[in-house]
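Biologist: I've got a structure open and I'd like some help reading it. Could you walk me through a sheet and a pocket?

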Amino acid sequence: METLIVMGASVGGVSALSTIFAALPADLPAAILAVMHVGARNSVLPEILGKTSALPVRFAEEREPVRAGRILLAPPDRHMLVANLAGQAMVELTRGPKENHTRPAIDPLFRTAAAAFGPKVVGVILSGYLDDGTAGLQAIKACGGKALVQEPQDAVAPSMPQSAINHAGVDWRLPCAEIGPALLALASGAPAPAGAAQSLPPVPQWVAVENRFARGVGNMEQLEKIATPSTFTCPECQGTLWELHGQKPQRFRCHTGHSFTAQTLGELQHEKAEDAIWAAVRALQEKEKLYLNLAAKAQAWLHPGTASEYAAKARQAGEQADMLKRALLA
């Protein structure tokens with residue numbers, strides 16, 4: 001296999017992938033592994049994408065070989081990784097820690113492909129929100145591979161390709177309609193001459209360590225080599241987040257393996273803060289109802305002073321709940 005194409009997409013990605021796959025021939029001399037943010041729910045993504053593709057499209061299976069002329073997708077709730085076993089690409093599927101609050105995530109596929117196949121890898125980032133895939137594309141570039149992104153103005157959600165452009169040193173930025181022909185041209189390029197050196201460039205330490213976490217075998221001693229403890233808490237497991245050294249955009253990982261860019265972490269912290277405030281609103285509304293009931297009973301039992309105290313507490317709880325609701329809805 002001369003070329004391994006790895007692709008990542010999120011919101012707007014179904015249309016982008018369909019367009020790209022429709023432009024590729026059945027005899028494409030490259031393998032394609034693709035991650036779409038499908039989460040843990042059941043998905044008919046292979047059937048949808050297969051309608052436009054001359055190449056077979058299906059979910060990957062554990063330990064299957066990666067061969068030219070077919071497209072394998074990351075299945076729901078599984079990270080799809082790739083390993084090089086005696087020169088043969090093999091798929092690994094894992095329920096390892098979520099990265100950027102998603103599983104499957106793009107970064108684990110890209111990083112493991114970069115470490116296993118170096119210059120043979122072409123990474124492609126398509127439409128999607130936030131910035132999953134940027135760090136993976138950086139790993140591909142660091143290991144000698146190529147980076148291609150969808151032109152942000154052409155994407156339904158431009159954030160992911162724009163982040164890659166800003167931080168990963170991409171080689172090409174193309175509208176979706178031109179990506180398929182570009183991949184075909186890259187895959188059809190002249191193979192390395194017989195006897196050419198096949199050694200891969202060194203894998204950066206941060207890539208190797210993060211790949212261990214993706215495979216579920218990372219530990220705190222290894223994390224200490226590439227990160228420093230921060231003051232932030234992991235929103236997945238409540239452990240301490242460590243800030244990874246020299247990463248742009250800024251990224252964090254906890255010692256159990258959850259990983260976040262600063263942007264994704266901010267979005268999750270916002271969601272958790274909002275959930276906590278709504279929980280406070282609920283508690284205050286229940287408090288108001290309780291004291292109103294107590295006030296009514298005290299009044300019925302001819303205890304007007306006590307009824308007045310309960311009514312005052314009910315009003316206070318109601319006012320506090322209304323204040324929090326106004327803040328949420330502002």
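Modeller: Let's take the sheet, then the helices on it, then the pocket. Keep in mind that this is a predicted model.

Biologist: What holds strands together in a sheet?

Modeller: Strands pair through backbone hydrogen bonds, and the pairing is either parallel or antiparallel. Here you have an open sheet of four strands, paired antiparallel in the order β10-β11-β12-β13.

Biologist: Which are the edge strands?

Modeller: Look for strands that pair on one side only: those are β10, residues 227-233, and β13, residues 259-261. From one strand to the next, the twist averages 35°.

Biologist: How many bridges join β12 and β13?

Modeller: Three bridges, in the antiparallel sense, with β12 covering residues 251-254. To find one of the partnerships on screen, start at Arg253: its bridge partner in β13 is Ser259.

Biologist: And which strands do the helices touch or cross?

Modeller: Helix α9, residues 262-300, packs on the sheet and touches β10, β11, β12 and β13. The direction of α9 makes about 100° with that of β13. Helix α7, residues 205-214, lies across β11 (240-244), β12 and β13, and runs at about 45° to β12.

Biologist: Now the pocket. What is the volume of the second largest pocket?

Modeller: About 230 Å³. Its lining includes His37, Asn100, His101, Thr102, Tyr129 and Asp131, and also Thr264, Glu267 and Glu271.

Biologist: How does the lining of that pocket split by class?

Modeller: Five residues are polar, four are charged and three are nonpolar.

Terms used: Residues are numbered from 1 along each chain as its sequence is written. This is a predicted model: local features need pLDDT of at least 70, side-chain atom pairs count only at pLDDT 80 or more; totals for chains, interfaces and linings use all residues. Side-chain values use heavy atoms; hydrogens and water are left out. On a 1 Å grid over the protein atoms alone, a cavity is a set of points where a 1.4 Å probe fits but cannot get out, and a pocket is an open set with protein on both sides within 12 Å along at least five of seven lines; lining residues have an atom within 4 Å of a point. Grid points are joined across faces, edges and corners, and a volume is the space filled by probe spheres set on the points. Ala, Val, Leu, Ile, Met, Phe, Trp, Tyr, Cys and Pro count as nonpolar, Asp, Glu, Lys and Arg as charged, and the others, Gly among them, as polar. Two strands pair if DSSP finds at least two bridges between them. Helices (H or I, at least four residues) and strands (E, at least two) are DSSP runs, numbered from the N terminus. Axes are lines fitted to C-alpha atoms, for helices over the stretch in contact, and angles run from 0 to 180 degrees between N-to-C directions. Contact means heavy atoms within 4.5 Å.
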